[in-house]
Amino acid sequence: MRILTNTTSPYARIARIALGEKGFDLGGTRIVNPWTDDEDMLRLNPSSRVPTLELDSGLPITESLLIVAWLERKVPQPSLLDGDLDRIVSRSGLAMGVIDAMANIMTGVMQMDPNFGETRVGLKRRRTIVNGFRKLEADPPPYTGGVPDLSVITTVVALDYLRLRFKDAPWVEPLPKLDALRDKVAARPAFASTLPYV
């Protein structure tokens with residue numbers, strides 16, 4: 001089994017952290033550029049998106065949350081959904097919305113217009129980021145040790161992506177509770193080995 005990823009994708013990082021927390025060896029990771037027509041990537045995933053997980057059978061599994069769902073069935077323990085399921089899924093959805101908005105801005109800036117973040121659509125995405133982080137900061141996912149649940153994973157991935165891509169943006173607000181949450185899991189191998197970088 002191997003996972004095709006890149007060094008910045010928050011979606012790929014969610015899948016990689018989930019795999020690591022479930023005990024899978026991430027040694028088979030292959031870094032690809034999804035913006036190029038990588039033949040291996042296109043063979044497995046015509047949409048050329050990361051993450052793409054190739055099973056030993058050659059069958060591809062794509063999309064971060066589908067990979068997590070597959071993992072939860074294949075390796076039920078440790079579960080990434082243990083605890084108050086409604087709150088875990090609700091917080092995870094909030095974090096994913098923030099991730100989507102940030103990724104949308106970055107795609108627009110890198111592929112269409114360097115000023116995309118200031119367009120009508122970009123400003124709407126920025127509002128989603130600010131308001132989403134405000135809600136997560138007001139009610140952060142709890143973490144007391146051990147394997148983190150999906151809401152912790154998605155929230156920390158969102159925060160690290162914010163710090164990577166928007167660290168100097170004047171609209172980014174202080175997030176001390178989320179920073180504290182991140183600090184609690186930062187040394188876990190699945191988090192430390194997947195830190196995003198440009």
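Arg 2 and Asp 40 meet through their side chains in a salt bridge, with N and O 2.6 Å apart. Arg 2 sits in strand β1 and Asp 40 in helix α2 (residues 39–44), so this pair ties together parts that are 38 residues apart in sequence. Keep in mind that you're looking at a predicted model. The count of salt bridges comes to 16, and a search of the whole structure turns up one aromatic pair.

**Salt bridges around Asp 40**

- How exposed is Arg 2? With a relative accessible area of 22%, Arg 2 is partly exposed.
- Its partner Asp 40 is buried, because its relative accessible area of 18% falls under the 20% cut-off.
- Asp 40 also forms a salt bridge with Arg 43, and here the closest N and O atoms are 2.7 Å apart.
- Both Asp 40 and Arg 43 belong to helix α2, where they lie three residues apart, or about one turn of the helix.
- Arg 43 counts as exposed, at 52% relative accessibility.

**A salt bridge between α4 and a loop, and a wider network**

- Which residue does Arg 91 pair with in a salt bridge? The partner is Asp 139, and the closest N and O atoms are 2.9 Å apart.
- Arg 91 is part of helix α4 (residues 85–111), while Asp 139 is in the loop between α5 and α6 (150–165), so the pair ties together parts that are 48 residues apart in sequence.
- Arg 91 counts as buried at 10% relative accessibility, whereas Asp 139 is partly exposed with a relative accessible area of 34%.
- Back with Arg 2 and Asp 40, salt bridges that share partners join these two, along with Arg 30, Asp 38, Arg 43 and Glu 54, into one network.

**The sheet and the helices on it**

- In what order do the four strands of the open sheet run? The order is β2-β1-β3-β4, and the pairing is mixed.
- The edge strands are β2 (30–31) and β4 (60–62), and each of them pairs on one side only.
- Strand β1 (residues 2–5), home of Arg 2, pairs with β2 in the parallel sense over two bridges.
- If you look for the bridge partner of Thr 5 in β2, you'll find Ile 31.
- Helix α1 (residues 10–21) packs on the sheet and touches β1 and β3 (52–54), and its direction makes about 155 degrees with that of β1.
- Helix α3 (residues 64–74) packs on the sheet too, touching β3 and β4, with its direction at about 120 degrees to that of β4.

**The aromatic pair and Arg 126**

- Which two residues make up the aromatic pair? They are Phe 166 and Trp 171, in a tilted arrangement: 5.4 Å centre to centre, with 55 degrees between the planes.
- Both rings belong to buried residues: Phe 166 has 9% relative accessibility, and Trp 171 has 16%.
- Trp 171 turns up again as a contact of Arg 126, whose other contacts are Ile 105, Gly 117 and Glu 118, leaving aside its neighbours within four places in sequence.
- Arg 126 lies in helix α5 (residues 120–138).
- Is Arg 126 buried or exposed? At 17% relative accessibility, Arg 126 counts as buried.

How values were computed
Residues are numbered from 1 along each chain as its sequence is written. This is a predicted model: local features need pLDDT of at least 70, side-chain atom pairs count only at pLDDT 80 or more; totals for chains, interfaces and linings use all residues. Side-chain values use heavy atoms; hydrogens and water are left out. Two strands pair if DSSP finds at least two bridges between them. Contact means heavy atoms within 4.5 Å. Axes are lines fitted to C-alpha atoms, for helices over the stretch in contact, and angles run from 0 to 180 degrees between N-to-C directions. Rings of Phe, Tyr and Trp (its six-membered ring) pair if their centres lie within 6.5 Å; planes under 30 degrees apart count as stacked, over 60 as edge-to-face and the rest as tilted. Buried means under 20% relative accessible area, exposed over 50%, partly exposed in between (1.4 Å probe, protein chains only). A salt bridge is a side-chain nitrogen of Lys or Arg within 4 Å of a carboxyl oxygen of Asp or Glu.
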